[in-house]
Amino acid sequence: MYGTARIKTFLDENELTAEDVLADPVALKAILAKHVVAGTAVTAGEALAMDLPVTLESLEGSGLVVDTNDEGGVVVNGNVVVKPDLAASNGVIHGIDGVIA
């Protein structure tokens with residue numbers, strides 16, 4: 001699992017367990033909506049070609065800041081993209097090393 005320590009910190013800071021989140025579809029939907037952007041699929045390479053940083057709106061309505069780190073990798077709200085460009089039937093998935101709170 002990516003960013004296990006960061007996920008545990010997120011759960012602890014919000015006084016949650018993984019079971020709590022999975023048992024509450026409304027809470028799970030709210031968390032996941034912070035991780036999704038509607039519209040055109042963008043690969044990591046395309047993101048790196050943009051004039052960064054750029055802020056995209058999540059389905060939840062908050063801003064997701066896409067930028068680069070010192071190593072030249074893509075980061076989203078400070079979370080490093082560790083598995084870019086995973087093909088999905090409705091877009092592209094970029095695995096990050098944490099939870100967007």
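## The sheet

In this predicted model, 5 strands form an open sheet with antiparallel pairing, in the order 1-2-3-4-5. Strand 1 (54-57) and strand 5 (91-96) each have a single partner strand and stand at the edges, so one side of each is left without a neighbour in the sheet. On average, and with direction ignored, neighbouring strands of this sheet are turned by 40 degrees against each other.

In a regular strand, the side chains alternate between the two faces of the sheet.

## Pairing around strand 4

Strand 3 (residues 74-76) runs antiparallel to strand 4 (residues 79-88), and 2 bridges join them. Val-75 has Val-80 of strand 4 as its bridge partner.

Strand 4 is also joined to strand 5, by 5 bridges, and this pair is antiparallel as well. Ala-87 has Val-92 of strand 5 as its bridge partner. Strand 4 and strand 5 form a hairpin, with 2 residues between them.

## The largest pocket

Rolling a probe the size of a water molecule over the atoms shows where empty space is left. The largest pocket has a volume of about 1300 Å³ and is lined by 40 residues. His-35, Val-36, Ile-93, His-94 and Ile-96 are the lining residues that lie nearest its centre.

Both helices and strands contribute to this lining: helix 1 (4-13), helix 2 (18-23), helix 3 (25-33), helix 4 (44-49), strand 2 (63-68), strand 3, strand 4 and strand 5 each supply at least two residues. Strand 5 gives the most, with 6 residues. By residue type, the lining of the largest pocket divides into 31 nonpolar, 9 polar and no charged residues.

Technical notes:
Residues numbered from 1 in each chain as written. Predicted model: local features only at pLDDT ≥ 70, side-chain atom pairs only at ≥ 80, totals over all residues. Heavy atoms only, no water. Pairing = 2+ DSSP bridges. Helix = DSSP H or I, 4+ residues; strand = E, 2+ residues; numbered from the N terminus. Axes fitted to C-alpha atoms, helices over the stretch in contact; angles between N-to-C directions. 1 Å grid on protein atoms, 1.4 Å probe; cavity = no way out; pocket = protein on both sides within 12 Å on 5 of 7 lines; lining within 4 Å. Points joined across faces, edges and corners; volume = space filled by probe spheres on them. Nonpolar A, V, L, I, M, F, W, Y, C, P; charged D, E, K, R; others polar.
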